[in-house]
Amino acid sequence: MKLVFAGTPEVAVPALDALIASGRHEVAAVVTRPDAPAGRGRRLVASPVAERAEEAGIEVLKPVKPRDEDFLARLREIGPDACPVVAYGALLPRVALDVPAHGWVNLHFSLLPAWRGAAPVQHAIMAGDEITGASTFLIEEGLDSGPVYGTVTEEIRRTDTSGDLLTRLAFAGSGLLVATMDGIEDGTLKAVPQPADGITLAPKITVENAHVDWSAPALRVDRMVRGCTPAPGAWTALRGERLKLIHATPVPERTDLAPGELSVGKNNVYVGTGSYAVELLWVQAQGKKPMRAADWARGVRIASGERLGA
């Protein structure tokens, strides 16, 4: 089939690579978000998908909005059979959805109908799910509600951050997306409506959502830190300044600390929660680089009984 691929961040690149390498389909163009300012100089930088497409000699379309007339005219001119999508980042209007004969097929990083929305991997970890996966589905105007072509499953490991899990799903999902394109082309694959039961929502996690509540149980704090790593980053406060929590681990044998209370040893930093303590391993103070928690604690000289989040 002739394809127009839509995607923006690094997590979409494995799927683009897999479609290019398949040898069966032609990636005629790529749709991605416009260049965005990045770095200290706020220089405009192309998206990872745009950079990969340019390396491969593929036409790149960067509409401000996918309803822009110039973009729609070019899309109709290309005449794609299908438009595979991975983390494009913009809502597609009906006028765009109607262009390809086989529609726009999204690779979504959950087992639909669970975790519809912008942050399915983060929410799966934070909810304590043991299994997640990826789904390919036909995009409708509703939020991730279209009929599903196929799924792959993935175990959520005990120490997974959202970054770890998303990387594995990006590669597993790339194979699923290619197989979905193959099945659509040869007519062996039909989309099945999602069940009405089991719907959960995964809205974008903001910085405020990532504020750690030390009165919560240790396992919930652990899941919050892992789910928000690398972005937006779980955080707490000490002496009026934010402290980002990069890596922590539950310590069931420490039950002597009140929620948020710090206990600092030569090489360990413990914090009390609503159940037992967690050990802070890596943190990032405001305006600083990531560092080992023990090094951070020595630098700020934690007082006896001092608490995080106060």
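Helices (H or I, at least four residues) and strands (E, at least two) are taken as DSSP runs and numbered from the N terminus. On that basis, P113 lies in the loop between strand 7 (104-108) and helix 5. The model described here is a predicted one.

The protein chain contains eight helices and 15 strands. Taken along the principal axes, its C-alpha atoms fill a box of roughly 70 × 45 × 30 Å. The protein chain has 310 residues, of which 48% count as buried. Contacts between residues at least 6 apart in sequence were examined for their separation along the chain; 65% of them join residues at least 24 apart.

Helix packing was examined for helix 1 (residues 13-21) and helix 2 (residues 48-55), whose axes are 9 Å apart and meet at an angle of about 25°. Because angles under 35 degrees count as roughly parallel, helix 1 and helix 2 are assigned to that class. The crossing of the two helices is right-handed. On the side of helix 1, the contact is made by V13, L16 and D17, and on the side of helix 2 by P48, V49, R52 and A53. By residue class, this contact between helix 1 and helix 2 comprises five nonpolar and two charged residues, with no polar ones.

Helix 7 (residues 218-227) is mostly covered, seven of its ten residues being buried. The buried residues are A218, V221, D222 and M224, followed by V225, R226 and G227. Their cover includes two helices, helix 5 (120-126) and helix 6 (162-186), together with strand 10 (234-238), strand 11 (241-251) and strand 14 (277-285).

One residue of helix 7, R226, was considered individually. R226 has a relative accessible area of 11%, and it counts as buried because this value falls under the 20% cut-off. When residues up to four places away in sequence are not counted, R226 touches I125 as well as R157, R158, T159, D160, T161 and S162. Of these partners, I125 falls within the range of helix 5 and S162 within that of helix 6.

Two cysteines were assessed for accessibility. C83 is buried, with a relative accessibility of 0%. C228 is likewise buried, its relative accessible area being 0%. A disulfide requires a pair of cysteine sulfur atoms within 2.5 Å, and by this rule the count of disulfides is zero.

Backbone geometry shows cis peptide bonds before two prolines. The bond from L112 to P113 is cis, with omega near 15°, and P113 belongs to the loop that joins strand 7 to helix 5. The bond from T229 to P230 is also cis, again with omega near 15°. P230 is placed in the loop between helix 7 and strand 10; strand 10 is among the elements that cover the buried residues of helix 7.

Positive phi values occur at two residues other than glycine, D144 and R301. For D144, phi is near 50°, and the residue sits in the loop between strand 8 (131-138) and strand 9 (148-155). D144 has a relative accessibility of 12% and therefore counts as buried. For R301, phi is near 55°. R301 is located in the segment after helix 8 (293-300). Its relative accessibility is 71%, so R301 counts as exposed.

A further residue, R242, is part of strand 11. At 37% relative accessibility, R242 counts as partly exposed, because that class lies between the cut-offs of 20% and 50%. With neighbours within four places in sequence left aside, R242 is in contact with V207 and E208, with W235, T236 and A237, and with Q284, A285 and Q286. Among these contacts, W235, T236 and A237 fall within the range of strand 10, and Q284 and A285 within that of strand 14. R242 is 219 residues from G23 in sequence, and the C-alpha atoms of R242 and G23 are 50 Å apart in space.

Definitions and conventions
Residues are numbered from 1 along each chain as its sequence is written. This is a predicted model: local features need pLDDT of at least 70, side-chain atom pairs count only at pLDDT 80 or more; totals for chains, interfaces and linings use all residues. Side-chain values use heavy atoms; hydrogens and water are left out. Buried means under 20% relative accessible area, exposed over 50%, partly exposed in between (1.4 Å probe, protein chains only). Axes are lines fitted to C-alpha atoms, for helices over the stretch in contact, and angles run from 0 to 180 degrees between N-to-C directions. Angles under 35 degrees count as roughly parallel, over 145 as roughly antiparallel, 65 to 115 as roughly perpendicular and the rest as oblique. A crossing is left-handed if the near helix is turned anticlockwise from the far one by less than a right angle, and right-handed if clockwise. Contact means heavy atoms within 4.5 Å. Ala, Val, Leu, Ile, Met, Phe, Trp, Tyr, Cys and Pro count as nonpolar, Asp, Glu, Lys and Arg as charged, and the others, Gly among them, as polar.
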